[in-house]
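Colleague: I am new to this structure and would like to go through its internal spaces. Could you show it to me?

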Amino acid sequence: MITASPLPAQPAGADWRQQWREAERDPVRLLSRLGLDSLAARLADDGLRDFPLRVPASFIERMRPGDPDDPLLRQVLPMDDEDRLVPGFVSDAVGDSAALTANGVLQKYHGRALLIATGSCAVHCRYCFRRHFPYAEETAAAGHWAAALEQLRTDKSVSEVILSGGDPLSLSNAKLAELVEALDGIPHLRTLRIHSRLPVVLPARVDAGLLSLLRASRLHKVVVVHANHGNELRMAGSPHAETAAALSALREHGFTLLNQAVLLRGINDSVEALAGLSEALFDLGVLPYYLHQLDRVRGAAHFEVEDAAAVELLAQLRSRLPGYLVPKLVREVPGAESKTPI
Ligand SMILES: *Cc1c(COP(=O)(O)O)cnc(C)c1O
Ligand code: SF4
């Protein structure tokens, strides 16, 4: 059972690496911490082997003890639904293997290049389209950035670099500083975008070193965080203190903050959940950007919401919220020139 009292807010510079190392990796122990031992009978076999459970304590503390349907728990717990093979749900659901160059650079859209900076994540999300992706080999860091940077330098059509992964903020400040300095030196680049779930799931990562290396960059800066449910941002009815502090520090350092979410059956497929997410994001200075239809990756079929239901949810959301709190409902279509609106 987890304790009900919140952890004290971590000062900037708290040791995020230790929290990373101590992330829970044993599903049976996680269930026991939440008083849900009986759910152990429904754990997946396969999911444990090729994409094991991983979840930091900071995220676990926002789960509701005793609730088998907790929306945070369901995002990370490998359950036996994953073992079901469903036609159409495949390993490389978004055609990344074809678009990825040897340097760990993915270029699918005009003006933007996405760098697979690393394969690691602080949390393993069961619906992730990258769960079967061969990251260890195909990251830009594997070649010490040189080849990836050379590709960006020679392609003058690229004005925005997106650090993705895996989770790019799982890299050390030293590695990130080296990368960001090199990007600063490429004249045609204007914007640095970071796609990361860490400010939400392990907010101690936003430490003083990270803030100062980013502040030093001349580039426009955007962070796209990833939360799927308002409970990821709150605890006991108030904003989660550490996450609020991390996001506010990023904002004060000139970052534009956006959120991408995935529409997930049983987790956020109600107008209450989606409106609650948008409002919780806005409370922390983040605007909703994309709501993604699930990528059809093997093991994630049970999370899928049909397009017609998704469109109906968005219509209800528009009738409840100001336009700037309604995300764009999109899907990733292999070969398309942008995310595809639904
Ligand atoms: C999603 C994605 C982007 C970013 O698209 P935006 O619509 O600009 O957010 C860029 N490159 C790749 C390969 C992507 O998958
Ligand atoms: S890439 Fe993002 S969605 Fe996928 S497991 Fe890592 S943090 Fe989760």
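Colleague: Which helix and strands each supply at least two residues of the lining of the largest cavity?

Modeller: This is a predicted model. In it, strand S8 (256-262), helix H12 (271-283) and strand S9 (287-292) each give at least two residues to that lining.

Colleague: Which residues are they, and what volume does the largest cavity have?

Modeller: Its volume is about 60 Å³. The lining consists of Asn 259, Ala 261, Leu 274, Leu 277, Ser 278, Leu 281, Pro 288, Tyr 289, Tyr 290, Leu 291 and Pro 327.

Colleague: How do these divide into nonpolar, polar and charged?

Modeller: Nine are nonpolar, two are polar and none is charged.

Colleague: How many cavities of 30 Å³ or more are there?

Modeller: There are two. The second largest cavity holds about 50 Å³ of space.

Colleague: Where does the second largest cavity lie, and why?

Modeller: It lies between domain 1 (16-83) and domain 2 (96-341), because both domains give residues to its lining. That lining is formed by Arg 74, Leu 77, Met 79, Asp 81, Glu 82, Arg 126, His 302 and Phe 303.

Colleague: What classes of residue are found there?

Modeller: Four residues of this lining are charged, three are nonpolar and one is polar.

Colleague: Changing topic, which residues are around ligand 2?

Modeller: Ligand 2 is surrounded by Phe 51, Cys 121, Val 123, Cys 125, Cys 128, Gly 166, Arg 197 and His 226.

Colleague: And how does that shell divide by class?

Modeller: The shell around ligand 2 has five nonpolar residues, two polar and one charged.

How values were computed: Residues are numbered from 1 along each chain as its sequence is written. Chains are lettered from A and ligands numbered from 1 in the order in which they are written. This is a predicted model: local features need pLDDT of at least 70, side-chain atom pairs count only at pLDDT 80 or more; totals for chains, interfaces and linings use all residues. Side-chain values use heavy atoms; hydrogens and water are left out. On a 1 Å grid over the protein atoms alone, a cavity is a set of points where a 1.4 Å probe fits but cannot get out, and a pocket is an open set with protein on both sides within 12 Å along at least five of seven lines; lining residues have an atom within 4 Å of a point. Grid points are joined across faces, edges and corners, and a volume is the space filled by probe spheres set on the points. Helices (H or I, at least four residues) and strands (E, at least two) are DSSP runs, numbered from the N terminus. Ala, Val, Leu, Ile, Met, Phe, Trp, Tyr, Cys and Pro count as nonpolar, Asp, Glu, Lys and Arg as charged, and the others, Gly among them, as polar. Domain bounds come from an automatic or database domain assignment. A residue is near a molecule or strand if one of its heavy atoms lies within 4 Å of it.
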